[in-house]
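Dear colleague,

Please find below the structure that I am handing over to you. My findings follow it, arranged by topic.

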Amino acid sequence: MDGGRGEDMDQRSRDGVAAMARCYQDFDPKAYLQYNYTPPRADFTRSDSIVPWKLGCLHRAFTEGDVGGETLVDVGSGPTLYQVLSGCELFGRVVLTDFLEVNRRELRRWLRDEEGSFDWTPYLKHVCKLEGRGPTAWREKAARLRSVVTEILPIDVHRPSPLPPGSLPPPGADCLVSSFCLESVSPDLASFRRALGHLSALLKPGGHLLLIGALGESYYMAGPGVRIPVVPLDEAQVCSGLRDNGYALAHLSTYTLPPDMRVGVDDVSGIFFAKAKKMV
């Protein structure tokens with residue numbers, strides 16, 4: 001997900017966004033999934049593994065009782081589904097989005113249960129365990145997810161209206177979730193903050209934003225030899241970006257990578273999870 005020419009950007013920003021879009025032309029979904037969503041980063045036997053930490057944050061956010069409604073939108077899904085495994089139980093409509101057709105195609109392969117699609121079974125089982133459900137409930141969750149994902153849409157967070165016209169009802173979505181998107185598709189901090197503001201156009205007043213992102217990261221690998229620059233963020237920048245774009249921060253959690261999770265596919269030092277509410 002990336003690219004575009006938002007109407008509120010100057011020429012330098014537009015040039016930076018266009019350069020980011022070119023970086024993504026060689027994005028390899030299968031390599032990206034292998035780098036980040038298999039062990040050790042997705043080791044469900046370890047409490048300090050990255051993926052279980054993210055799934056735990058999402059589970060808590062979706063079960064605290066204040067998030068719900070009809071429409072959940074995942075902003076910049078990439079080729080991944082884990083970010084909606086908890087939320088799919090609360091919403092009748094889940095919309096996945098990404099800038100890249102190769103990622104949208106990867107998502108469709110799993111939703112159609114096509115041979116060779118990424119195996120999300122360990123993720124489904126882990127989330128069901130968090131929910132206190134039995135060992136076979138993951139099949140029900142997979143069926144539930146396939147039934148409520150109604151669209152996989154193109155998105156451009158650098159446009160003031162990121163989704164195609166008419167994609168959402170006029171008030172906007174009830175909840176947005178976005179993982180490792182904005183800082184990974186923005187050429188600089190100003191573009192990141194602008195993109196964060198653009199998300200507000202998708203969310204109804206009083207709706208929630210669940211945001212996961214990298215701390216202290218300057219690049220990640222999106223395939224063999226495909227190096228994507230990232231805006232290095234700290235906690236203060238995340239908090240001020242939310243506040244300045246009309247969000248009330250409910251809580252912010254952070255995770256520091258253990259040494260053996262630093263596997264050479266990026267230089268990330270930590271991860272943040274933010275739960276915020278759009279002010280009326």
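**Strand pairing and the sheet**

In strand β5, the bridge partner of Ala173 is Leu203. Please bear in mind throughout that this is a predicted model. The bridge just named belongs to the pairing of β4 (residues 173–179) with β5, which is parallel and runs over six bridges.

Strand β5 (residues 203–215) also pairs with β9 (residues 270–278), here in the antiparallel sense and over eight bridges. Two residue pairs illustrate this contact: Gly213 has Phe272 of β9 as its bridge partner, and Leu211 stands opposite Ala274, likewise in β9.

Is β5 enclosed or open to the surroundings? Of its 13 residues, ten are buried, so the strand is largely enclosed by the rest of the structure.

These strands belong to an open sheet of seven strands with mixed pairing, in the order β3-β2-β1-β4-β5-β9-β8. At the edges stand β3 (149–153) and β8 (247–256); each has a single partner strand, so one side of each is left without a neighbour in the sheet. On average, neighbouring strands of this sheet are turned by 15° against each other, direction ignored. As general background, the side chains of a regular strand alternate between the two faces of the sheet.

**The loop between β8 and β9**

Met261 lies in the loop that connects β8 and β9. Although it is part of a loop, Met261 is buried, with a relative accessible area of 0%. Met261 and Asp48 are 213 residues apart in sequence, yet their C-alpha atoms are 9.4 Å apart in space.

**Cysteines**

A disulfide is a covalent bond between the sulfur atoms of two cysteines. How many disulfides does the model contain? The count comes to zero. Cys128 is in no disulfide, and the nearest cysteine sulfur, that of Cys88, is 8.7 Å away. For Cys175, the closest cysteine sulfur is again in Cys88, at 13 Å, which is too far for a bond; the cut-off applied is 2.5 Å. Both residues are buried: Cys128 has a relative accessible area of 1%, and Cys175 has one of 0%.

**Cavity and pocket**

Rolling a probe the size of a water molecule over the atoms shows where empty space is left. In this model, the count comes to one cavity of 30 Å³ or more. The largest cavity holds about 410 Å³ of space. It is lined by 30 residues, and those closest to its centre are Tyr32, Tyr37, Ser179, Phe180 and Ser184. Which elements give two or more residues to this lining? They are α2 (29–36), α3 (50–62) and α7 (182–185). By class, the cavity lining has 16 nonpolar, nine polar and five charged residues.

The largest pocket has a volume of about 180 Å³. Its lining comprises 14 residues, and Leu168, Pro169, Pro170, Ala201 and Leu202 lie nearest the centre of the pocket. This lining divides into ten nonpolar and four polar residues, with no charged residues.

I suggest that you start with strand β5, whose partners in the sheet are β4 and β9, and then turn to the cavity and the pocket.

Yours sincerely

Note on methods:
Residues are numbered from 1 along each chain as its sequence is written. This is a predicted model: local features need pLDDT of at least 70, side-chain atom pairs count only at pLDDT 80 or more; totals for chains, interfaces and linings use all residues. Side-chain values use heavy atoms; hydrogens and water are left out. Buried means under 20% relative accessible area, exposed over 50%, partly exposed in between (1.4 Å probe, protein chains only). On a 1 Å grid over the protein atoms alone, a cavity is a set of points where a 1.4 Å probe fits but cannot get out, and a pocket is an open set with protein on both sides within 12 Å along at least five of seven lines; lining residues have an atom within 4 Å of a point. Grid points are joined across faces, edges and corners, and a volume is the space filled by probe spheres set on the points. Helices (H or I, at least four residues) and strands (E, at least two) are DSSP runs, numbered from the N terminus. Ala, Val, Leu, Ile, Met, Phe, Trp, Tyr, Cys and Pro count as nonpolar, Asp, Glu, Lys and Arg as charged, and the others, Gly among them, as polar. Two strands pair if DSSP finds at least two bridges between them. Axes are lines fitted to C-alpha atoms, for helices over the stretch in contact, and angles run from 0 to 180 degrees between N-to-C directions.
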